[in-house]
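The exercises below go through one protein structure, each with a worked solution. Try each task on the structure before reading on.

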Amino acid sequence: MAAAWVCVFLALLYTTIAEDIKLKHKPATKPVRLFTEEELQRYDGTEDGLPIYMAIKGVVFDVTKGKEFYGKDAPYNALVGKDSTRAVAKMSLNPEDLTSDTTGLSEEELESLDSVFEGTYKTKYPIVGYTASRILNQDGTPNENFKPEDQPQFHIKDEF
Ligand code: HEM
């Protein structure tokens with residue numbers, strides 16, 4: 001009998017805590033930040049204490065935890081502080097490829113771009129914002145077709 005009361009008590013306690021958690025639960029509402037080219041340039045790994053940001057397809061990733069790739073004097077430092085879509089698509093570090101311009105890329109390069117974008121960047125690094133050219137039209141009006149990316153690396157437990 002005592003055991004039954006303990007069970008009832010525990011069940012009640014559990015529901016109260018569950019309700020409490022539900023009330024405190026807030027959906028992830030990370031604001032989407034817009035980066036101009038100049039702003040993005042600040043995060044090129046040269047300034048100590050600042051995070052390192054890199055954009056692909058207009059999505060700005062925080063790649064600070066990949067410092068050994070992207071930090072000052074690291075092999076892929078040329079890719080950061082800017083949108084390097086073309087360089088990633090072509091696996092090239094040539095200065096003329098350090099741009100968001102995808103004109104004339106081959107089918108194979110575009111596929112490679114998507115696979116690195118999805119498989120490496122979106123799964124490994126948090127998204128911190130979007131480039132102005134992804135959020136706005138050329139005349140500065142909001143791009144009605146803009147949709148934020150989903151973030152598969154985001155787990156519900158991060159919200160508590
Ligand atoms: C001799 C040529 C190259 C070699 C041997 C090489 C080697 C590697 C290796 C071993 C990794 C995986 C590192 C790890 O996950 O621990 C890697 C990642 C990567 N490489 Fe290269 N690479 C070369 C050239 C390039 C070039 C030219 C680019 C130009 C864009 C490039 C872009 C990348 C990127 C974006 C990653 C992913 C980094 C990350 O996980 O954040 N690589 N490379």
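**Exercise 1.** Write down the order of the elements of the protein from the N terminus on.

Solution. In this predicted model, the elements run α-β-α-β-β-α-α-α-β-α from the N terminus. Counting by type gives six helices and four strands.

**Exercise 2.** Find the strands that pair with E4, and state the sense of each pairing.

Solution. Start with strand E1, residues 33-35: E1 and E4 pair in the parallel sense over three bridges. In this pairing, Phe 35 has Thr 131 of E4 as its bridge partner. Next take strand E3, residues 59-62, which pairs with E4 in the antiparallel sense, also over three bridges. Here Val 59 has Tyr 130 of E4 as its bridge partner.

**Exercise 3.** Explain why strand E4 is described as largely enclosed by the rest of the structure.

Solution. A residue counts as buried if 20 or more other C-beta atoms lie within 10 Å of its own. Strand E4 covers residues 127-131, and four of these five residues are buried, so the strand is largely enclosed by the rest of the structure. For the protein as a whole, 22% of the 160 residues count as buried.

**Exercise 4.** Describe the shell of residues around the ligand by type and by the helices that supply it.

Solution. First sort the residues: eight are nonpolar, three polar and one charged. The shell includes Val 63, Phe 69, Met 91, Ser 92 and Lys 124. Then look at the helices: H4 (85-90) and H5 (107-124) each supply at least two residues of the shell.

Note on methods: Residues numbered from 1 in each chain as written. Predicted model: local features only at pLDDT ≥ 70, side-chain atom pairs only at ≥ 80, totals over all residues. Buried ≥ 20, exposed ≤ 12 C-beta atoms within 10 Å, placed from the backbone. Pairing = 2+ DSSP bridges. Near = placed C-beta within 6 Å. Nonpolar A, V, L, I, M, F, W, Y, C, P; charged D, E, K, R; others polar.
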